[in-house]
Amino acid sequence: MKSLPNTKVVANFFQRYSKSIVLIITIFGLIILSHSLRYNLFYAIPPQGSTWDEVKYAFNGISLINNKVPESWSYYKRYGNFPTKKIRGVNFRFVKPYFDDTPLFGLIMGSYSLLRGMNTFEKVKIDVLRWPMVKLGTINVILLFIIVYLSIGFWEALIASLIYSTAPTFVISSRMPLAENIFVTMSLISLILFWLVNKIKRSKIKTLLIFSLFLLGTAAPLIKQTGIFIPVALAFLFFSLKDFKNSFLMVMSLILSQAIWFSYGCYYNCQLFLDLQSLFSGRKLLYPVNILRLFDTFRIAEKPMQMDGWLIWGWISIIFLSFIT
């Protein structure tokens with residue numbers, strides 16, 4: 001009969017690896033919690049049709065892959081006269097070439113749509129598009145835990161990830177196939193890579209990490225124009241550490257992304273593209289009413305929903321932390 005393991009050996013094992021065991025259990029628990037909340041009724045909440053932005057990326061990607069021309073719906077009159085087409089009871093005004101958004105996220109969602117058999121606009125289903133975002137939202141919770149854990153500590157990481165896992169604002173909005181959700185992923189990955197760049201001394205690994213940051217900085221504005229904040233933030237972070245070489249590299253990634261975007265636009269219709277860019281740059285984003293909405297309106301989709309207390313608490317936290325840090 002085999003003897004039982006030595007109690008002292010078992011105790012030493014748990015003492016030595018207790019931190020790792022706790023981390024594994026915590027991450028596993030966060031995965032279950034965040035995924036279950038995001039998966040529950042993801043196809044129904046928010047209601048389908050709350051914003052038709054959910055389908056525009058898939059439309060654009062399907063058109064680019066199948067027809068080699070960007071096409072999706074848009075309400076901008078600058079495109080010219082295009083007829084509307086009814087799909088699932090909704091009139092969409094399809095325009096081409098479509099320049100409302102940069103093409104990368106459209107290609108991602110278009111590729112996924114084709115893999116799921118949605119090879120025409122009529123076959124695109126919002127609930128199918130939301131399914132991978134549920135998975136991505138769960139990954140974002142773990143990425144948030146990792147960056148806070150590396151930067152501050154375990155308990156702060158646990159609190160932050162629990163809030164992000166359970167707050168209705170984050171749970172509901174992370175289900176939607178919008179470019180902003182992949183920005184969360186890219187932002188968190190870029191912060192983790194930035195932390196590693198400043199901790200790892202091995203030149204080969206460090207070079208690989210910096211190259212990965214360069215690729216992220218280039219890709220982010222090609223997901224959507226507002227992704228420009230990622231390379232800009234990275235440039236400032238490196239600059240704050242007086243790492244001017246890598247700061248300049250992040251600026252170069254931004255320049256490269258803009259060069260790709262303008263080349264893309266001019267390839268299809270340069271005059272229309274430039275006209276639309278000037279139109280987009282004046283979209284009244286700084287009007288007082290739009291700024292005030294950041295404080296008093298909980299807005300996930302086109303239709304305002306009930307107020308979420310986490311929005312108020314977020315503003316209180318920003319003001320409070322600015323005085324103590």
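The following paragraphs lead from the overall architecture of the chain to its salt bridges, its aromatic pairs and a nonpolar patch on its surface.

The structure is a predicted model. Its chain is built from twelve helices and three strands. Of its 325 residues, 41% count as buried. The accessible surface amounts to about 18900 Å², and carbon and sulfur atoms contribute 69% of that area. Among contacts with a sequence separation of 6 or more, 70% are made by residues 24 or more positions apart. The salt bridges considered next include examples of such pairing between distant parts of the chain.

Across the whole structure, five salt bridges are found. One of them brings together the side chains of Glu54 and Arg130, with an N to O distance of 2.8 Å. The two residues belong to distant parts of the chain: Glu54 is in helix H2 (residues 53-67), Arg130 is in helix H4 (residues 126-151), and 76 residues separate them. Glu54 and Arg130 are both buried.

Helix H2 also takes part in a second salt bridge, through Lys56. The partner of Lys56 is Asp101, and the closest N and O atoms are 3.2 Å apart. Because Lys56 lies in helix H2 and Asp101 in the loop between E3 and H3, this pair ties together parts that are 45 residues apart in sequence. Lys56 has a relative accessibility of 10% and therefore counts as buried, the limit being under 20%. The same limit places Asp101 among the buried residues, since its relative accessible area is 2%.

A third salt bridge joins Lys85 and Glu122, whose closest N and O atoms are 2.7 Å apart. This pair, too, links distant parts of the chain, with Lys85 in strand E2 (residues 84-87) and Glu122 in the loop between H3 and H4, 37 residues apart. Lys85, at 38% relative accessibility, counts as partly exposed, and Glu122 is likewise partly exposed at 35%. Elsewhere, salt bridges with shared partners join Asp53, Lys56 and Asp101 into one network.

Asp101 merits a closer view. The loop that holds Asp101 runs between strand E3 (90-95) and helix H3 (104-115). Besides the polar contact of 3.2 Å between the side chains of Asp101 and Lys56, the side chain of Asp101 makes a polar contact of 2.5 Å with the side chain of Tyr98. When residues up to four places away in sequence are set aside, Asp101 touches Lys56, Tyr57, Lys224, Gln225 and Trp261. Trp261, one of these neighbours, leads on to the aromatic residues.

The count of aromatic pairs comes to 24. In one of them, the rings of Tyr39 and Phe42 have their centres 5.3 Å apart and their planes at 40 degrees, so this pair is tilted. The two residues differ in their exposure: Tyr39 is partly exposed, with a relative accessible area of 41%, whereas Phe42 counts as buried at 8% relative accessibility.

Trp261 and Tyr264 form another pair, with ring centres 5.6 Å apart. Their planes lie at 20 degrees, and the pair is therefore stacked, as the angle is under 30 degrees. Trp261 and Tyr264 are three residues apart in helix H10 (residues 244-280), which means that about one helical turn separates them. Both residues are buried. Trp261 and Tyr264 also belong to a wider cluster, in which ring pairs link them with Phe99, Phe262, Tyr267, Tyr268 and Phe273. Trp261 thus appears both in this cluster and among the residues touched by Asp101.

The last feature lies on the surface. Ile319, Phe320, Leu321, Phe323 and Ile324 make a nonpolar surface patch of about 580 Å². Leu321, one of the residues in this patch, lies in helix H12 (residues 309-324). With a relative accessible area of 42%, Leu321 is partly exposed, in contrast to Asp101, which is buried at 2%.

Technical notes
Residues numbered from 1 in each chain as written. Predicted model: local features only at pLDDT ≥ 70, side-chain atom pairs only at ≥ 80, totals over all residues. Heavy atoms only, no water. Helix = DSSP H or I, 4+ residues; strand = E, 2+ residues; numbered from the N terminus. Buried < 20%, exposed > 50% of the residue type's maximum accessible area, 1.4 Å probe, protein only. Polar contact = N/O pair within 3.5 Å; in protein donor to acceptor, adjacent residues only side chain to side chain. Contact = heavy atoms within 4.5 Å. Patch = residues over 30% accessible without salt bridge, like charges linked within 9 Å, V, L, I, M, F, W, Y side chains within 5 Å. Areas by Shrake-Rupley, 256 points an atom, 1.4 Å probe, with all protein chains shown as cover. Salt bridge = Lys/Arg side-chain N within 4 Å of Asp/Glu carboxyl O. Phe/Tyr/Trp six-rings, centres within 6.5 Å; stacked < 30°, edge-to-face > 60°.
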